[in-house]
Structure formats: structure tokens, C-alpha cells
Number of protein chains: 2
Amino acid sequence: IVKCWKRVKSFGVKAWEIGRSDPRNVMFSAKLGLALTLISLLIFLREDMSRYSVWAILTVVVVFEFHIGATLSKGFNRGLGTLSAGALALGMAELSFLAGKWEELIIIISIFTIGFCATYAKLFPTLKPYEYGFRVFLITYCFITISGYRTGEFVETAVNRFLLIALGASVSLGVNICIYPIWAGEDLHNLVTKNFIGVATSLEDIVNNYLSFNECKRVPSKTLTYEVSDDPIYNGYRSAVESTSKEDSLIVFAVWEPPHGHYKMLKYPWKNYVKVSGALRHCALMVMAMHGCILSEIQAPAEKRHVFHCELQRVGSEGAKVLRELGNKLKKMEKLDREDLLYVVHEAAEELQHKIDKKSYLLVNSESWEIGNRPREEKRDNLRGLFNRDGERKFLEHKSLSEAVLDLRSVEVPKSWDAKLTSENNPAVPAAIILNNISKTYESASALSLTTFTSLLIEFVARLQNLVDSFEELGEKAKFVDPLDQQEES
Amino acid sequence: IVKCWKRVKSFGVKAWEIGRSDPRNVMFSAKLGLALTLISLLIFLREDMSRYSVWAILTVVVVFEFHIGATLSKGFNRGLGTLSAGALALGMAELSFLAGKWEELIIIISIFTIGFCATYAKLFPTLKPYEYGFRVFLITYCFITISGYRTGEFVETAVNRFLLIALGASVSLGVNICIYPIWAGEDLHNLVTKNFIGVATSLEDIVNNYLSFNECKRVPSKTLTYEVSDDPIYNGYRSAVESTSKEDSLIVFAVWEPPHGHYKMLKYPWKNYVKVSGALRHCALMVMAMHGCILSEIQAPAEKRHVFHCELQRVGSEGAKVLRELGNKLKKMEKLDREDLLYVVHEAAEELQHKIDKKSYLLVNSESWEIGNRPREEKRDNLRGLFNRDGERKFLEHKSLSEAVLDLRSVEVPKSWDAKLTSENNPAVPAAIILNNISKTYESASALSLTTFTSLLIEFVARLQNLVDSFEELGEKAKFVDPLDQQEES
């Protein structure tokens, strides 16, 4: 009993959570209850309808959807399906009546043919949105033909059915639109806005994490297989990356909705919202790849990261700023300012690029270059390695040596070069080279990891342009407010 | 009329295409027609059922789905919803009967409450798969209560309804399973197999295109916004990247299906298929990013690509080979061979890494390094640039000069270094530096693009490990055939 009580309790808590997180859930359920009550009352009041009452109830339950667009599209499908099937069934009834004693056979054949054709048509990609309509069409046709055949009241059956469906649909629509309407278009708008903020937050977190060399909680296996995890960074961009199917279903409903609220326009360009979201997703994929850099096994050493600290941070925060700005503009439905939104972030990216040019010796494994000076040094080192045989220690020594050289400032270097050039020039020792190769490969891969992170960040900045372009197109088509005009007015 | 005829013709062609591309579409339509015919025949034969015949037709149309798993799950939902709603409605009828003259009020209130609760429960994420069941529950409850109230025949209505639904469901199931069954599990299997091949082909094409410096048809705007395009490369990996929602729906149905065909096992690990597909998607994202490199504005010069030609090509083709091998193994449902599948590709990747280490001076803009020798050279060059003022020409000259130096073999370099070190050492000239910076930034970005491509490829290889691991897990759980055992048997 205690266990049972616990279950009920956790269920109650969950129900409360769902209601609190989105009060529209509660409203929607109440609305459906209300619509059902209304239709039952109507049926109680008018005795003569009772026989076909099932159609009205069925229509309410089936047509009443969360979003108004969905309700409208289902209602339309249902109406159209019923009407056309009714007409066809009546025609068929006349025809089969003429056939005399073959009537039953003709009815059966017609049912098979219609069933086949309607199902086949349903599979056409272009007719996919009307899938429900085809179903209703089939049900209506079979029902009218069969029950009409029994009773001979084809017309009455068809008309009754249609009237009751119309009644159910109108009750559904009335309740759904008049009381606390839930618009798919608004959901789409909010979804895209939220994605902007999510990606911006993730981007900042990732860059900061990367620089503070915080390895997060290391959940590579989960992220690798693209599964859900509780990583807050992951959750930020996840919605943007995975919202395709959500958007697709929302846009299907949104195009059905009449102008309302902020979207006072016939043929509102919902498609452009999806386009903006697609461009954002393209940026988010870069953020995802950067996240992959943090989670990967091979990591660039902290000192090297530190060199690019300022520049990386600046690009990251400026990039996030641009995303936030776009998100806010979208929320307020304003056009972009006249000035170039991307100027600062492009400048920051160029600076980073510059710094990389200057310090690119940090990113590559210069000691294994094929040009003269280095290999010579390496050979000498290898020789030394052959003597003390301690591969690992030697390698570290070697590395710190060469890095020290690379970090020296201009004035001192020529001397050290000279010193090296005078050193002995022995033939290479293959055995030692092979010994070194493995650790070296990792070494250079770890430096490349920093390059990858940086170039992903720069690619991210490059993709922002596309995002801004699609945003401007949306602003143009959806007639967003121009912030300058607004200022003049007030 | 001509126009109309053309339309009909194109429609016919399309219908033929759909039928030819997947004959199961035709079979499915025919099966639905057959099921409808059977149920109509049954209704014709048994006169007494006719009044409630609508339920049987409705059930057939609604429950008959493309995949058997979907049919089973819908049938189960429908049955459960009807049964529980029937029981509840009968209980409620007893209760409202006791209430005497408040009967109607109680019925109305109960409808509202049930409607609210069922809809609210439907919104629970865990109860999502039973969404349809809740709908049926609501319809049944309202129908039985209302029509029972009129006629007083609660029990008869409930039992009749249930029997007819059971009849419809069994006809659907019988036809759907016995004649040319279409399994969701098999579709899932084929989808994943196809994705493997698609990604492999894309990978090869991308690497080849990159090396032959073929800029494709340059459809960046479309790919950037993640939209559909006709690029064959894109189509290869697209399915793998975008199949999440397809997989999600297929797995929902697949778990409902009984053991069948090659999947002779209770609780077949369909989840692991999705996991393998997730790991593959993770690889495909890298391929997508590489494709982005081909389409991006900044391109590495062909000569530089040519240097890494062999290595890149080898990694690409070996990677594709691994994917193909995995795809074939999956198709044949065999376990992996004992030997390490990834050995060759890892070796190839290491070789590439090595080559990069050796040639990394090609990937960076070494002339702007901060260490002694180069800046000095640069300063001298800048000075010269100040004299002839032709920034662009100077820059090219400068570049070719420094590259020539870098490409020289060991023996000659020391001299050239010496020569440079003896040259005059003038103070820097800031104006000329700024003039150069912009073109230099692009220059080095173009070299970085090659780095990015390479490190993406290496990251791709790294992710293969994860893919192989998840494949092995699938092979273990699904009891794939061991190729060695098979050989012994034969």
C-alpha cells in the first residue's frame, strides 16, 4: 500500500510539474472537456439526433487538437473527405441500383477499388498533409454504402452524417479559437527565439570551458551517440540542432492559421522562420563540433590555449552577443539596425586569425619539418636518444628544448641557430625515429586540436553572415518594425 | 482539355513511379482494399450486426497501417481504450442511475471530468505512445454514456461495440500479417544499412572532389540553410544525418512486432540499431563538415592540397571501406571478424598526421611568425614594399619567395639563412604592415582550410572506433552469426 501511495504521489507531482511548466496544457484539457460537455448537452436536448450522435462525439475528439492550425486542418480534411465520399457514395448507389441483382457484387467491388485508390493516393508525397482526409473519405464511403444498402436511405445517412460532423467541428473550432487560443505560429516563433538564446549560451560556455581547461563531466559516450544527456552545454544547442521535426509539424499547422495577434498578415512567411532556424542550425552544428573538441580524448595543452585566451574569448562572447541580439530582435519582431551587426565579431575573428598567423608555430610540430634546420636538429637529438635509450624522457626533453627555442625572442635566436648549425651532422638513426613516432603523432594531434577549435570558431563566425541574411529576408517579408521608424514616431 | 490530359498523364506517371520504386506500396493498398471487402462481406452476411457496423469499418480503416508493428500497437490501444472506457461507463451508469433525477447532471459532469483527465494524461511524455488509446477511450466513454442514457441499454451498447471493434481489428491483423507482411523492424534494418553505404559513398566523393579541386556546382546557400538539394554528395550523407525522426517512429513500431524472419528472438535489441545509427550519424556530421569545406568561400590552393594527395585519398578510401564493410556485415547480420577492422584506417590516419607534421609549414603562414629570423626577413620585405608601393604584387612575390625557401632541401638552407642574417636590419614600417594584413589574413585562412579538412578527416577516423564499438554491442545482443563459426559449419 505504501508503495502504491508513493506511486500515486509521484504521479501527482509529475502532473503538477507539467501543468506548471506550461499552463496551456491545463487549459487545453479543460477546453476539450468543455467541448465534449457542450456536444453532449446538444445531443441531450435534441432527441432526434441521438441515433447518429456518435459522429458528433467522434468529430470533437478527433478534431480537437492542441494547436488551432491543427484543428483547422483536421476539420477541413474531415469535411472535405466526408463531402466527397458522400457524393461518390450516392452516385455509386444509383449505379448499383441499376445493376439489379448484381448490386451486392458491384458494391463489394467498388469498396475494394475505392479502398485501393484512396490508400495508394495517400502514399503520394505531395498528398501527405491530406492523409487524414483520405481516411475519413474511406470510412464515410464504406459506411454510407453499407448502411445505405441495408436501409435504402442513402441520402439521409449521408446528410445526417455530414450535419453531425459539421456540428462537432463547429463546436470544436468555436471552443478552441474563442477560449484561450493556442497558435502553432506563435509556438514556432518562440521555438526559434529560444534556440537563438540556447546556442548563444552554449557558445559562451564552450569557449569559457575550453579556456579554463575545464574538462566538464566527460560524457563522451553519450554525446558521441547523439543521445540525451544532462550536460547544460549540450542542452543549449541541442534544441536548435534537433528541432527540425518539431518545426516541420508546426509549420504545417501554422500555414492554416488565420492572421492573429502579432502576425496580422495574410500568408505570413512562416517558411522564412524555418529558413532562419535552418541557418541557425548550421551555426549550432559548429558549436556542437566545438563541444566535441572539449570532449575529445586528445587535448591541446593549457599553456598553448592560454596564448590565444583573449582572442578566443572575444570572438566567443561577440558571437554570442550577435546571436542574442538576433534573438531579441526576433522576439520583438524588429528589423536589424542599419549599422553592421557583424562588424565587431568579424573584427574579433580577424584578430584571432592574425594572432594565429603570428603564433602558428605553436600549432604545429615544427621539430619534424623537412626543411634543413630542424631535421638536422632532430637527427642529432635522435642520436642522443639512441644513447640514453629512455624514449619517453628523451622525448619530453626534446620537446621542452624545441619549445624553448621557439619561444625565444628575436634577438637571441640567431645565436642559437648558429650554435645548432655548427653541431655535428650525423646520418639518421631509423630505429629511434620509429620509437618516437607514436608519441609524436599524439603530440602534434594535440596541437592540431587547438587549430581545429579555432577554425571551427572562425567557420562559425563565417556562417553568421548567412544567418543575418536570412533574418533580414524574414524581416522584409514579415514586415517587421523598423527600430528607426519607431523612434521617430515616439 | 489538353492541359487536363497532361495533368492526368503526369499523375499517372507519378503513381507508376511510386509503385515501381517500392512495390510494397501497391501491396499495402491492395491489402487494405481486401480487408475492407472482407469486413463488408461479413456485415452483409450477418444482418443483425448492421446497426453497429460502423465500428468495424472504422476500426479497419484506422488500425490498418503500413507496418505490422503500427497495426499491432494501434489495435492494442484501441482494444484497451474500448475495454477500460466500457467498464468505466458501465460503472458510471450504475452510479448515475442511483442519483435519480440528477442523472443528467452527473453524466455531464462525468464527461467533463473524464475528458479533462484523459487529455491531460495524454500530455505526459511517458504516455505519449498511448495517445491513440486515450482518444479511443474518450470516444467510447462518451458514446456509451450518451447512447446508453437514451436507450437504457448500456451493456448491450458496450458489448456490441467491443465485439465489432475486435472483429475489425482481427480482420485487419489477419490480412496484414498473413499476406505480404511489411515489418517495421526490417525497414529499420534496411534504413541503417543504407545509411552506411550512403555515408561511405559521400566520403569518397568528397575526398576525391577536394583533391581534384572540383568545386562542385557550388550550391552553398542551399546547403547552408540545411535545405534539400540535388547534390549527389549531399544526398549520400543526408539520409544518415536526418533519419532521427524516421528511426524514432520505426523503433516504436518495431518493438511491437513478434519475432519474425531473420529476427528470431524475443525482445530483439532494436534499440541497439538506433544506437549504431547514432554513432554513424556522428561520423556523418564530420563528413558533412568536410563537405562544408568544399563549398566554403575560402579554399586552400591546389598545390598545397596536392602535397597531401596520397595520404588524404588513402584515409578517405580506407574510411569508406570500413563503412562499407560494416554495412555489409550488418546486412548479412554477421559479427565482425576477429582481426581489427580499424587497423588499416588508423595506420593511414597516422601516416597523414605524420605527413602533416613534416609539412606543417605549408599549413601556416610562417612569414609572420614572431620568432627572430622571420620577422627580420619580413621587415626587410616590408621596407622593399614601401618602395615599390604595389601591395598586391609585392605580396605575391613575398609569398613565392618564402615558399621557395621553405621547399628547399636541407643542404642548401643554411646558406640562405646566413645570407638573410647578414642583410640589413632596419626598424619596422607600420604603414606597410597594415596594408598587407588584410590579404595576409585571407592567405592564412586559406591554408587553415586545409588543416581543417584534414583534422575533420582525422576526427572522422577517431569516431569510427565508437561506431565499431556500438556495432559489436549490437552483434552481441542480437546474436549475429560469427563468420568463423559459419566457416566451420560449412
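Colleague: Hi! Leaving aside its neighbours within four places in sequence, what is A:T119 in contact with?

Modeller: Hello! Outside that window, A:T119 is in contact with A:L138, B:F28, B:S29 and B:L32, where contact means heavy atoms within 4.5 Å. This is a predicted model, so local features need pLDDT of at least 70 and side-chain atom pairs count only at pLDDT 80 or more, while totals for chains, interfaces and linings use all residues. Residues are numbered from 1 along each chain as its sequence is written, chains are lettered from A and ligands numbered from 1 in written order, and side-chain values use heavy atoms, without hydrogens and water.

Colleague: Where is the place of A:T119, and is A:T119 buried or exposed?

Modeller: Look in helix α5 of chain A, residues 103–122. A:T119 has a relative accessible area of 1%, so the residue counts as buried (under 20% relative accessible area; exposed is over 50%, partly exposed in between, with a 1.4 Å probe and protein chains only).

Colleague: Zooming out, what does the secondary structure of chain A come to?

Modeller: Chain A has 20 helices and zero strands. These are DSSP runs numbered from the N terminus: H or I over at least four residues for helices, E over at least two for strands. Of the 490 residues in chain A, 54% are buried. Among contacts between residues at least 6 apart in sequence, 81% join residues at least 24 apart.

Colleague: At what angle do α14 and α15 of chain A pack?

Modeller: Helix α14 (residues 309–332) and helix α15 (residues 343–358) pack at about 160°, with axes 9 Å apart. That makes α14(A) roughly antiparallel to α15(A), because angles over 145 degrees count that way (under 35 is roughly parallel, 65 to 115 roughly perpendicular, the rest oblique). The axes are lines fitted to C-alpha atoms over the stretch in contact, and angles run from 0 to 180 degrees between N-to-C directions.

Colleague: Which residues make the contact?

Modeller: Among them are A:L312, A:V315 and A:V322 of α14(A), and A:V344, A:A348 and A:L352 of α15(A).

Colleague: New topic: which helix holds B:G148, and what does B:G148 touch?

Modeller: B:G148 lies in α6 of chain B, residues 131–151. Not counting residues up to four places away in sequence, B:G148 touches B:F143, B:E153 and B:F154. At 0% relative accessibility, B:G148 counts as buried.

Colleague: How many Å separate the C-alpha atoms of B:G148 and B:E311?

Modeller: They are 79 Å apart, with the two positions 163 residues apart along the chain.
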